[in-house]
Amino acid sequence: MLKLEYLQELLIISIALSTITCTFIQKTKVLFKTSKYLMIYSFFVNIICGILFCKTFTTIDMSTSLWVGLFSFIGADSIYKTLEGKIPSHRQITNK
């Protein structure tokens, strides 16, 4: 039987993690001269951060934290593309 509540918890954790990793990757992608290896870099950043995040803030075991990293990798890209240009900048928010 599929543990839907547990899956939902993992997805909520990965949403929080993907926000952090997406920002980190956007800030550090200038280190690459070409975007050829950016996907591999993003995958490893998400997996490593997923493990560290889960070990620090949850009681999730190692294998499940790999799933959180994978969900974060899959979701970070689509979340960024969905929200790109739709979120106002800090300057726009403070001017209102």
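## Rings that pair up

Rings of Phe, Tyr and Trp (for Trp, the six-membered ring) count as a pair if their centres lie within 6.5 Å. With that in hand, look at F43, F44 and F73: ring pairs link these residues into a cluster. Keep in mind that what you're looking at is a predicted model.

How many aromatic pairs does a search of the whole structure find? There are 5. One of them joins F53 and F57, whose ring centres are 5.0 Å apart with planes at 55°, so this pair is tilted. These two residues sit 4 residues apart in helix α2, which puts about one helical turn between them. Their surroundings are another matter: F53 is buried at 19% relative accessibility, because the cut-off for buried is under 20%. F57 has 62% relative accessibility and counts as exposed, since exposed starts at over 50%.

Now hop over to W67 and F71. Here the ring centres lie 5.8 Å apart and the planes meet at 40°, so this pair is tilted too. Both residues belong to helix α3, which covers residues 62–83, and they are 4 residues apart, or about one turn of the helix. W67 is partly exposed, with a relative accessible area of 49%. F71 also counts as partly exposed, at 21%.

## The overall layout

Let's step back for a moment. The protein chain has 4 helices and 0 strands, so reading along the sequence gives you the pattern α-α-α-α. The chain has 96 residues, and buried ones make up 27% of them.

What about contacts between residues that are well separated in sequence? Take the contacts in the chain with a separation of 6 or more: residues 24 or more positions apart account for 62% of these. As for the outside, the accessible surface of the chain comes to about 7400 Å², and 68% of that belongs to carbon and sulfur atoms.

## The nonpolar core

In soluble globular proteins, nonpolar side chains tend to be buried together. Which residues make up the largest nonpolar core here? It has 7 residues in all: L10, I13, L17, F53, C54, I60 and V68. Two elements, α1 (residues 4–28) and α2, each give two or more residues to this core. The biggest giver is α1, with 3 residues.

You've already met F53, the buried partner in one of the ring pairs. To see how core residues meet, try I13 as a starting point. Not counting residues up to four places away in sequence, I13 touches F53, C54, T58, I60 and V68.

## Buried serines and a threonine

Some other residues are tucked away as well. S14 is in helix α1, and at 4% relative accessibility it counts as buried. Setting aside neighbours within four places in sequence, S14 is in contact with V68, F71 and S72. Two of those names should ring a bell: V68 is part of the largest nonpolar core, and F71 is the ring partner of W67. T21 is in helix α1 too. Is T21 buried or exposed? With just 1% relative accessibility, T21 is buried. The C-alpha atoms of T21 and G50 are 9.1 Å apart, although 29 residues separate them along the chain.

S42 takes you to helix α2, which spans residues 38–57. S42 is buried, with a relative accessible area of 12%. Which residues does S42 contact, leaving aside its neighbours within four places in sequence? The answer is I25 and F73. S42 and F73 are 31 residues apart along the chain, yet their C-alpha atoms are separated by 7.0 Å. F73 is also one of the residues in the ring cluster with F43 and F44.

## A nonpolar patch on the surface

Finally, have a look at the outside. Y37, I40, F44, I48 and L52 make a nonpolar surface patch of about 530 Å². Y37 lies in the loop between α1 and α2, and it is partly exposed, with a relative accessible area of 46%. F44 shows up in this patch and in the ring cluster with F43 and F73, so try finding F44 in the structure and tracing both groups from there.

Key: Residues numbered from 1 in each chain as written. Predicted model: local features only at pLDDT ≥ 70, side-chain atom pairs only at ≥ 80, totals over all residues. Heavy atoms only, no water. Buried < 20%, exposed > 50% of the residue type's maximum accessible area, 1.4 Å probe, protein only. Contact = heavy atoms within 4.5 Å. Phe/Tyr/Trp six-rings, centres within 6.5 Å; stacked < 30°, edge-to-face > 60°. Core = buried A, V, L, I, M, F, W, Y, C linked by side-chain atoms within 4.5 Å. Patch = residues over 30% accessible without salt bridge, like charges linked within 9 Å, V, L, I, M, F, W, Y side chains within 5 Å. Areas by Shrake-Rupley, 256 points an atom, 1.4 Å probe, with all protein chains shown as cover. Salt bridge = Lys/Arg side-chain N within 4 Å of Asp/Glu carboxyl O.
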